[in-house]
Amino acid sequence: MSDSTPQLATPASVGKRPQRVDLLAVAVRFQSLIGLALVSVGGIVFSPVRHGQILFLAPDNIANIIRAISETGIIAVGMTFVIITAGIDLSVGALLSLSSVLTATMMVSVGWGLLPTLLTVTLVGAAFGAAQGLISTRFQLEPFIVTLAGLQVARGLALVVSGNQYINISYGDGPGLAPPIFAILGERLFNNTVPVATLVFVAFAVIGTIVLNTTRFGRYVFAVGGNERAARLSGVPVSLIKISVYAITGFASATAGIVHAGQFNFGSANDGTGYELTAIAAVVIGGTSLFGGAGSMIGTVAGAVMLGALANLLQLNNINAALQLLATGAIIVLAAVLQSLVRRHEGGSR
Amino acid sequence: MSTASPSAEPARPILEVRQVVKSFGGAKALRGVDFTLYAGEVHALLGENGAGKSTLMNILSGVLTADEGELLIDGVAVRFNDPREAQAAGIATIYQELDLVPSLDVTANLFLGHEIVRNGILDNAAMRAGARQRLAVIDVDIDINRRVDHLSIGHRQVVAIVKALSGAPRVVIMDEPTAALTASEVDSLFDIVRGLRAKGVAIIYISHRLEEVPFVADRVTVLRDGLVAGETAPNALQSDLVRLLVGRPLDELYPRRSTKLGRPLLNLEHARFRLWHERSGWQPACGVNLTVHAGEIVGLAGIMGSGRTELLMALFGSGLPGAWEGVVEVDGQATKLQSIAVARLRGLAFVTDDRRGNGLMIRMSVGRNLVMSILRQVTPFFLASPAKEAEVEERAFRQFDIRPHDATIAVGALSGGNQQKVVLAKEVVGEPHLLLLDEPTRGIDVGAKGEIYARLRELADAGLGVLVASSEMPELIGLCDKIVVLREGRTVAEFPGGIDEHSVLAAVTAKEIAHHVG
């Protein structure tokens, strides 16, 4: 760089560097897709083969993978909104459990119909999330603390409502029986190929992508996470946006709880443990920054599928659960390191 | 007194501030300030740190509300409860820490809060067209699809200005707009300011850089200690301005200079600090020639981004991924200064410019802070020794006159000036040979400044070498025995202390000042 041409002309001063940065940035941008591709290739190469068929690619196995991730996937879609605002929601797994208990209780013990049950449970979930958002913004508390408390509260409520018993769901017409249509959540459509639970996840992902990327609300979510003060001074209703994203995770967790109840035909106060960590992992692997302001829904979806495919591959090879945890941990660290590298190159915004 | 409009006094000012008072806790930041602003003028608002500039600006922009007094727009009393009300009233503010969202692109930032939406969906094409149109007004070529954190500081400034202008404001407040700009960017900014003035926009130009005032302002108001110290013409003598700013002649503020120099404590020849990773916004030292002798106070001058802080941090081995090349000698011995431990061992100490962020454990007591960097000395056999701590604390309190004289209160409860004394004392108790200071008087009042200067001179007289980086030119000129100018990581000039400001400024900005004046 010469002394005679000062900085105003950016191309000259930046010109040399970006080549490498851009490659790295692109790699991070699509890290979850790249990871998914790698895991898929690994799945094919390392898959056990039976009767000449690669088990990893068997339709049943693929259906298993996408079914297994549907619940945490639904939650991860909501979590993406929260994390882009630089927040976090730890209550999602407990809320899923509470919602599964509520769903089963309402249909079986209280005898409500399908629609009133679904509406009530999702509303309760959204309200629960909104309350956490409200407390966090109103009293300027870290979402970490508020949702950690929310986790305990939701889990406690689930235990109280269920009396720490499995609430089994039987189907039929009459008192104490759930509407048979509810059982569809555990089935597969289209020639017994696509699990219904997965379709719910896909619907969430599609709507989530549209809301995040094409609406004013989505833009505000990015703005709040990117620079809260700037957003406020520009007239963005910061508190309302924050409350809304927690309402969204609450709604998503409740939906996941309904799906859970439908898939397993019971409500349980002890399920969903650790789901918050799986969902957060999917979001982070998907390239969304925990510092807020940047992220992508497609990345989250790919992250969730990748985690599911990896777990499946390890199971197929009878690798024990401890090693699965190790592998997941390593991948999360790798994703975070990649992001940190890019941030350091770009400088500034931490 | 008004020099901008002596012939045709406009009927009514666009904005009037009458007897505004504002307190924070017990401290009065504004003690009855009057201020007027007419359409089509650039009114410079000057003042030392702590004089009340930012408080006044925050009241005008709706961030704070006044305790007493009136704001009038077109003669009508108004009161702003939040920034949006001020914006709606036609007052746009460009803050120093630019209010942009770094992770969003230029277009999204320009339209933040005013997005164009069609059928619930963002109309990105329309917003891009709008962004292009708005930027075209100001003749700067900026890629509207680029993320803001990938733009140069100057371009970010332009985006912030364009954003502020989108509401067609009648009053624009600019807070230290040139603080981070290169010389040519400053020129473009002044062009923008003049263009606005020509359109009848009234501009409040807040700065502490006296040197730029003649080029841009029509009228100057100086604040001191929460009051208007005076109003003057922009071409007033620097010495008059300084007297208004400081409240007393310069020579009383600064101690006398050193007469005898000892051995060289720090010697850099063709020294460069090579970072292993490039970082944007980071100007590594890339050609530094500099000597600090025992008993000498050396000043580092340069605009923001010239590499002042970076040089000090690299000297202090502050965990940066990089290495020194060229001649680096401390007390006559070559060293690599590769870590803070090594730097401390060599007798270096560093006083940060960010006392609340990096310098102090703000919630811990003054005493705990004072012994923080010499814990080993006060913890024989790994056990804390209250007696030794008390000894160190007592020495520091006496030497630096820290008030109140109580080691048990939280350091965050002290005034800025006393906090700064603690940051300084905390390094001095380690008995360094060479003291590196970054902006040692940022955000403290004039009285405390004078005390800090006196202490630094005493330390130098006791045989320390002192290297001070500062953005306040009068401070460097008044305090230092020698001033070294940094530009883009290189030392480009060296001046004796007490030299006239214009010569240093010319070297700092690499510009003929005369070119502007003439």
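**Exercise 1. Which residue in strand 20 of chain B stands opposite B:Gly299?** Place strand 15 of chain B among its partners and describe its surroundings.

*Solution.* This is a predicted model, in which local features need pLDDT of at least 70 and side-chain atom pairs count only at pLDDT 80 or more, while totals for chains, interfaces and linings use all residues. Residues are numbered from 1 along each chain as its sequence is written, with chains lettered from A and ligands numbered from 1 in the order in which they are written.

Step 1. The residue opposite B:Gly299 in strand 20 of chain B is B:Val468. Helices (H or I, at least four residues) and strands (E, at least two) are DSSP runs, numbered from the N terminus, and two strands pair if DSSP finds at least two bridges between them. Strand 15 and strand 20 (residues 465–469) of chain B are parallel partners joined over four bridges.

Step 2. Turning to strand 21 (residues 482–487) of chain B, we find that strand 15 of chain B pairs with it in the parallel sense, over four bridges, and that B:Gly299 there stands opposite B:Ile483.

Step 3. A residue is buried if 20 or more other C-beta atoms lie within 10 Å of its own, exposed if 12 or fewer, and partly exposed in between, with C-beta atoms placed from the backbone. In strand 15 (residues 297–301) of chain B, five of the five residues are buried; B:Ile297, B:Gly299 and B:Ala301 lie on one side, and B:Val298 and B:Leu300 on the other, so that both faces are covered.

**Exercise 2. Describe the six-stranded sheet of chain B and the helices that pack on it.**

*Solution.* Step 1. The sheet is open, with mixed pairing and the strand order 6-9-10-3-11-12. Its edge strands, each pairing on one side only, are strand 6 (91–94) and strand 12 (227–232) of chain B.

Step 2. Strand 11 (residues 219–224) and strand 12 of chain B run antiparallel and are joined by five bridges, with B:Val220 opposite B:Thr232.

Step 3. Helix 1 of chain B packs on this sheet, touching strands that include strand 3 (42–47) and strand 9 (171–175), and its direction makes about 145° with that of strand 9 of chain B; contact requires C-beta atoms, placed from the backbone, within 7 Å, and axes are lines fitted to C-alpha atoms, for helices over the stretch in contact, with angles from 0 to 180 degrees between N-to-C directions. Helix 6 (residues 183–198) of chain B also packs on the sheet, touching strand 3, strand 9 and strand 10 of chain B.

Step 4. Because eight of the eight residues of helix 1 (residues 53–60) of chain B are buried, this helix is largely enclosed by the rest of the structure. Just after helix 1, B:Gly62 takes a positive phi of about 85°.

**Exercise 3. Locate the backbone features of B:Gln19, B:Asp401 and B:Pro404.**

*Solution.* Step 1. B:Gln19, in strand 1 (residues 15–24) of chain B, has a positive phi of about 50° although it is not a glycine. It counts as partly exposed because it has 13 C-beta neighbours inside 10 Å.

Step 2. B:Asp401, likewise not a glycine, has a positive phi of about 50° and lies in the loop between helix 15 and helix 16 of chain B. With 15 C-beta neighbours inside 10 Å, B:Asp401 counts as partly exposed.

Step 3. B:Pro404 is found in the loop between helix 15 (386–400) and helix 16 (416–428) of chain B, and the peptide bond from B:Arg403 to B:Pro404 is cis, with omega near -5°.

Note on methods. Contact = placed C-beta atoms within 7 Å.
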